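Subject: Structure handover

Hello,

Here is the structure I said I would pass on. My notes on what was found in it follow below.

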Amino acid sequence: RSPQKIRSDMRLRSFKRLIGSAVTVVLVVVLASPVLAEGESTARSILLPGSGQAQEGHYGKAAIFAGAAIVTGVGWFLSQVHYNQAVTRYNDLRDIYTGYPSELQSGIVIPGSSIQQTYDDMTEAWNTSEDRQTWRNVFMVSFLVVYTVNLVDILRSDPDTGERLPDESAGSLGIEMRGHDVRVFKAFSF
């Protein structure tokens, strides 16, 4: 099979996996909708980080978790795509390089510079794929950390009742003296 055919087949398989993932997400959302209708914030946070916090009235946390999940999730997806492309390039070059001995034995003349260039390109593709694998792993771990912290937060937090503290304790102003230095600070809670 030609390298173009191999790449075409790999793209088709990747597209099928992407469609399968999208269908799975839709099914999970549809099947989980009765739980969501009951207002279960934990189920919301399992499906979409930050949505459970938003339901409980913690909008700042919701924005942080949702934003972090989107950034790390998109980064994970894109780095996976780039990693797959780098591995495909390496595999194509490796197939060409390992095919040289049979071509030489069959009498085909291949310049040594072409063999060396293919080897150099293959080595560069290997290094690129390792770098992209590292980035993919960083985004994957980051997404999992955000997701886990989101779940721990929703399990440990109470719903926002709308009750507000008196103004004097909502953001207390303080003065601190250290030697000849004076610091003025304001404490916030959310």
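A charge counts as sitting over a ring if NZ of Lys or CZ of Arg is within 6 Å of the ring centre and within 35 degrees of the ring normal. One case to look at is R136, which lies over the face of Y83 at 4.6 Å from the ring centre. Please keep in mind throughout that this is a predicted model.

Overall layout

The protein chain has six helices and two strands. Along the sequence these elements follow the pattern α-α-α-α-α-α-β-β. Of its 190 residues, 23% count as buried.

Helix 4 against helix 5

Most of my notes concern these two elements. Helix 4 covers residues 59-105 and helix 5 covers residues 112-156. Two packed helices are described by the angle between their axes and the distance between the axes. For helix 4 and helix 5 the angle is about 160 degrees, and the axes are 7 Å apart. Angles over 145 degrees count as roughly antiparallel, and helix 4 and helix 5 are therefore roughly antiparallel to each other. Their crossing is left-handed. The residues of this contact divide into 25 nonpolar, 13 polar and seven charged.

A backbone distance can be added here. A68, which is found in helix 4, has its C-alpha 6.7 Å from the C-alpha of V146, although the two are 78 residues apart in sequence. A68 counts as partly exposed, because its relative accessibility is 25% and the partly exposed class runs between 20% and 50%.

Aromatic pairs

The count of aromatic pairs comes to six. One of them is formed by W76 and F143, with 5.6 Å centre to centre and 45 degrees between the planes, and it is tilted. Since W76 lies in helix 4 and F143 in helix 5, the pair ties together parts that are 67 residues apart in sequence. W76 counts as partly exposed at 27% relative accessibility, while F143 is buried, with a relative accessible area of 19%. The cut-off for buried is under 20%, so F143 falls in that class at its 19%.

A pair with another geometry is that of Y90 and W126. Their ring centres are 5.2 Å apart and their planes stand at 65 degrees, so the pair is edge-to-face; the class requires planes over 60 degrees apart. Y90 belongs to helix 4 and W126 to helix 5, so this pair ties together parts 36 residues apart in sequence. Y90 counts as buried at 18% relative accessibility, whereas W126 is partly exposed, with a relative accessible area of 40%.

There is also an aromatic cluster, made up of W76, F143 and Y147. W76 and F143 thus appear both in the tilted pair and in this cluster.

Helix 2

Where does S41 lie? S41 is in helix 2, which covers residues 41-47. S41 counts as buried, at 8% relative accessibility. S41 and L155 are 114 residues apart in sequence, and their C-alpha atoms are 9.0 Å apart in space.

If you open the model, I would begin with the contact of helix 4 with helix 5, then turn to the pair of W76 and F143 and the pair of Y90 and W126.

Regards

Methods
Residues numbered from 1 in each chain as written. Predicted model: local features only at pLDDT ≥ 70, side-chain atom pairs only at ≥ 80, totals over all residues. Heavy atoms only, no water. Phe/Tyr/Trp six-rings, centres within 6.5 Å; stacked < 30°, edge-to-face > 60°. Helix = DSSP H or I, 4+ residues; strand = E, 2+ residues; numbered from the N terminus. Buried < 20%, exposed > 50% of the residue type's maximum accessible area, 1.4 Å probe, protein only. Axes fitted to C-alpha atoms, helices over the stretch in contact; angles between N-to-C directions. Parallel < 35°, antiparallel > 145°, perpendicular 65-115°, else oblique. Left-handed = near helix turned anticlockwise from the far one by under 90°. Nonpolar A, V, L, I, M, F, W, Y, C, P; charged D, E, K, R; others polar.
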